[in-house]
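Work through the exercises below with the sequence and the model open beside you, and try each task before reading its solution.

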Amino acid sequence: MDEEYDIIIVGGGPAGTLTAKMCAAKGLKVLVLEKKPEIGAPKRCAEGIGHLDLLRAGYTGKERFIAQTIDGAIVYVPNGAPIELPKQPGGGYILERKVFDKFLAYDAAKAGAKIYTKAEVFDLLWSGGKIAGAKVLYNGEQKDIYSKIIIAADGVESKIPRIAGLPSRNTPRTIESGYQYEMANIDIKDPHKIHTYLGNEIAPRGYIWIFPKGSHIANVGIGINGSDGKTAKYYLDKWISSKPGIKKGSIIEENSGGIPIGGFLESMTTDNFLTIGDAAHQVNPIHGGGLAETSFSAEIAAKVIIDAIKLKDTSNKTLDRYNKLWWEKRGNNLKKTEKILHVLEKVKDSDINLAQSSFHGQDILDLTGGKTHKLIKILINNPKLATLIKYLK
Amino acid sequence: MVLKVDKNKCLSCAGCVSICPNDALTLRNMIIEVDENKCSECAICIHFCPVGALRLTTNL
Ligand SMILES: Cc1cc2nc3c(=O)[nH]c(=O)nc-3n(C[C@H](O)[C@H](O)[C@H](O)COP(=O)(O)OP(=O)(O)OC[C@H]3O[C@@H](n4cnc5c(N)ncnc54)[C@H](O)[C@@H]3O)c2cc1C
């Protein structure tokens, strides 16, 4: 580890390594610090990504981190009725995240970034009241490392943005409790589709998913919000025990994790500092997908950082362009998606069943995409739901 | 009362770290460490933990 870099990135997840790759490719001196002994493991993910999002991250869909190609999605309402979503351009994939994260790290390193594992950033360095570097615990030894910009890509367990003074803290409303099994030898109706199951009974204020990784292998998981004293694991186990075709399978991996579902930051920057990925809550609040968001925000962040280093001005005034571009391109819609989620959470299972025949797959895509006018249309057309419009304010 | 992590149940996902209002929890070397000086015993993490690995117990 040298004593000085253009950029220090805290966290070797997708947000960190993708930003590292893009900045190093333009000749910046980049350091990535990952506290775990291995990048990519343990996984905390159902591993789904869209084709276009993968392209944006610089891949083709032919790499060996692809476990399964996906050509569609089915959402099941509480009474079991399926709603098929329209096919997305190029479809999507279920990844092998452990391999995918490694590829991102290989490519960041190939572009010239330096990566260290077992390197935890435990505090920031300051100079003249401004952030100037990171305090690192590397294999148990303490080191001070300086840089022009620090990027906090420290994921869902993020603390570094708060040390920098940003109000990034989660509350029970902004994060879901997730639990998942990777299961083998299960029956999957259509293993090239992702299957999601709605209902407050089975997954309070969340959903259950089956993301196939092969014809008889899948990530079977759940995300729930709020607590009635029962855990995500309790709800998932209960649901699986009611599905003989899944119950008969074997569990080959257990995962859990927090999934950000809102609480977006007005500003994700300060002098010489910015935050990205789960640390900045950049996740779709309805479906919980973070990889697509990272593919957008890494591109935006890299562009702003490269310009700032070139200009020799890494002040908040320059980095603020990252906020502006992100809010324009992603934030404004994600904020609307968060509002839509808060309305949908109030819909009873019986009312979803009743309304189901009157909405289509495209409507579900529109809701996850933050199209509030579509929600208003659905609510108005279903007398039992019309009163919920007030929650959209 | 002190917050205890049941290592037999914990999957080291750091979900509890993400929700702690006091930054009292840290995932270090795949183990959840509790800073008792910061923990306010609010139990938010206990309700959040996907596998029920956390509990408040008397310090005996
Ligand atoms: C159960 C579950 C299912 C999900 N399913 C999907 C899905 O199907 N599709 C999808 O797109 N998204 C999904 N997500 C979300 C997705 O996994 C995240 O959005 C994504 O991993 C975020 O990437 P990141 O780089 O921001 O954070 P992470 O991948 O969490 O990486 C952050 C890294 O920073 C490291 N770190 C933290 N603090 C420090 C420190 N102080 N010093 C050094 N290193 C540090 C951590 O060890 C970690 O490796 C899911 C999440 C969960 C929990």
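The exercises that follow treat confidence, a helix and its packing, a sheet and a hairpin.

This is a predicted model, in which local features need pLDDT of at least 70 and side-chain atom pairs count only at pLDDT 80 or more, while totals for chains, interfaces and linings use all residues. Residues are numbered from 1 along each chain as its sequence is written, chains are lettered from A and ligands numbered from 1 in the order in which they are written, and side-chain values use heavy atoms, with hydrogens and water left out.

**Exercise 1. State what confidence the predictor gives to chain B and to the complex.**

Step 1. Chain B has a mean pLDDT of 95, and 98% of its residues reach 70 or more, where pLDDT is the predictor's confidence in each residue, from 0 to 100.
Step 2. For the complex, the predictor gives an ipTM of 0.97 and a pTM of 0.97.

**Exercise 2. Determine how H1(A) is enclosed and how it packs on H7(A).**

Step 1. Helices (H or I, at least four residues) and strands (E, at least two) are DSSP runs, numbered from the N terminus.
Step 2. Eleven of the eleven residues of H1(A) are buried, so this helix is largely enclosed by the rest of the structure; buried means under 20% relative accessible area, with a 1.4 Å probe and protein chains only.
Step 3. The cover over these buried residues includes strand E1 (4-10), helix H3 (97-110) and H7 of chain A, contact being heavy atoms within 4.5 Å.
Step 4. H1 (residues 14-24) and H7 (residues 291-311) of chain A pack at an angle of about 40°, with their axes 9 Å apart; the axes are lines fitted to C-alpha atoms over the stretch in contact, and angles run from 0 to 180 degrees between N-to-C directions.
Step 5. Among the residues that meet are Leu18(A) and Met22(A) in H1(A), and Ala298(A) and Ile305(A) in H7(A).

**Exercise 3. Describe the sheet that contains E7(A).**

Step 1. Three strands of chain A form an open, antiparallel sheet in the order E3-E7-E4, two strands being paired if DSSP finds at least two bridges between them.
Step 2. Strand E3 (48-50) and strand E4 (66-70) of chain A are the edges, each pairing on one side only.
Step 3. Four bridges join E4(A) to E7(A), residues 92-95, and Ile70(A) has Gly92(A) as its bridge partner.

**Exercise 4. Analyse the hairpin of E2(B) and E3(B).**

Step 1. E2 (residues 25-28) and E3 (residues 31-34) of chain B run antiparallel and are joined by four bridges, with Leu25(B) opposite Val34(B).
Step 2. Two residues lie between the strands, and Asn29(B) takes a positive phi near 50°.

Note on methods:
Buried means under 20% relative accessible area, exposed over 50%, partly exposed in between (1.4 Å probe, protein chains only).
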